[in-house]
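This report goes through a single protein chain, from its overall make-up to its sheet, helices and cysteines. Please keep the sequence and the structure in view while reading.

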Amino acid sequence: MDYYDTYGSRARQNSGSRVAASIASLVAPAQGCAYTDTSVPDLQPIADQGTPCKAKLFIVCTPSPPSLTALQDVFCRFSSLIDIQLLPGTAYGYISYGMKESADAARMIMNNAAISGATIRLSPCEEQPCDTGSSKRSRNTFES
């Protein structure tokens, strides 16, 4: 064995374990959130009453929706959560945020994630971000 085989292999093994540790820290289960294995930010307060809605997400849960408590616990972690509305008798609804950045972060992290065993699909409501009194439906597009 020469010097490079002995020490070069050991250096490669050590760097491989450091990379694996870095990846493991990025995908570690969320701390303090019992409803999902997805890593989410720390718990944030729900937005104050009267906060104007700046962004709305369309949510689809398969096979069935988790409890409203579970949804609120997960989605309030992205700050400025205003409301979660699931349409009665369905597995879909809307999530309203007071900041567009919060809705974007929630969609980026939680799209295709699991909450209490239900797979969650999120898409932005494109036409009308929040209730404006119009009866026109929002157009939704899903990203895979």
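The text below covers the chain, the sheet, the helices that pack on the sheet, and the cysteines.

This is a predicted model, in which local features need pLDDT of at least 70 and side-chain atom pairs count only at pLDDT 80 or more, while totals for chains, interfaces and linings use all residues. Residues are numbered from 1 along each chain as its sequence is written, and side-chain values use heavy atoms, with hydrogens and water left out.

**Chain**

Three helices and five strands make up the secondary structure of the chain, in the order α-β-α-β-β-α-β-β from the N terminus. Helices (H or I, at least four residues) and strands (E, at least two) are DSSP runs, numbered from the N terminus. The chain has 144 residues, and 31% of them count as buried; buried means under 20% relative accessible area, exposed over 50%, and partly exposed in between (1.4 Å probe, protein chains only). About 9,000 Å² of the chain is exposed, 53% of it supplied by carbon and sulfur atoms. These areas come from the Shrake-Rupley method with a 1.4 Å probe; for residues, only the protein chains shown count as cover. Among contacts (heavy atoms within 4.5 Å) with a separation of 6 or more, 63% link residues 24 or more positions apart.

**Sheet**

The five strands form an open, antiparallel sheet in the order β2-β3-β1-β5-β4. Two strands pair if DSSP finds at least two bridges between them. At the edges are β2 (81-86) and β4 (113-115), each paired on one side only. From one strand to the next, the twist averages 30°. Strand β5 (residues 118-124) runs antiparallel to β4 and is joined to β4 by three bridges. In this pair, I115 stands opposite A118 of β5.

**Helices on the sheet**

Angles run from 0 to 180 degrees between N-to-C directions, and axes are lines fitted to C-alpha atoms, for helices over the stretch in contact.

| Helix | Strands touched or crossed | Angle |
|---|---|---|
| α2 (residues 68-75) | β1 (55-62), β2, β3 (92-97), β4, β5 | about 150° to β2 |
| α3 (residues 100-110) | β1, β3, β4, β5 | about 140° with β5 |

**Cysteines**

How many disulfides does the structure hold? There are zero, a disulfide being a pair of cysteine sulfur atoms within 2.5 Å. The cysteine sulfur closest to that of C33 belongs to C76 and is 8.6 Å away, too far for a bond. C33 is buried at 5% relative accessible area, and C76 is buried at 7% relative accessibility.
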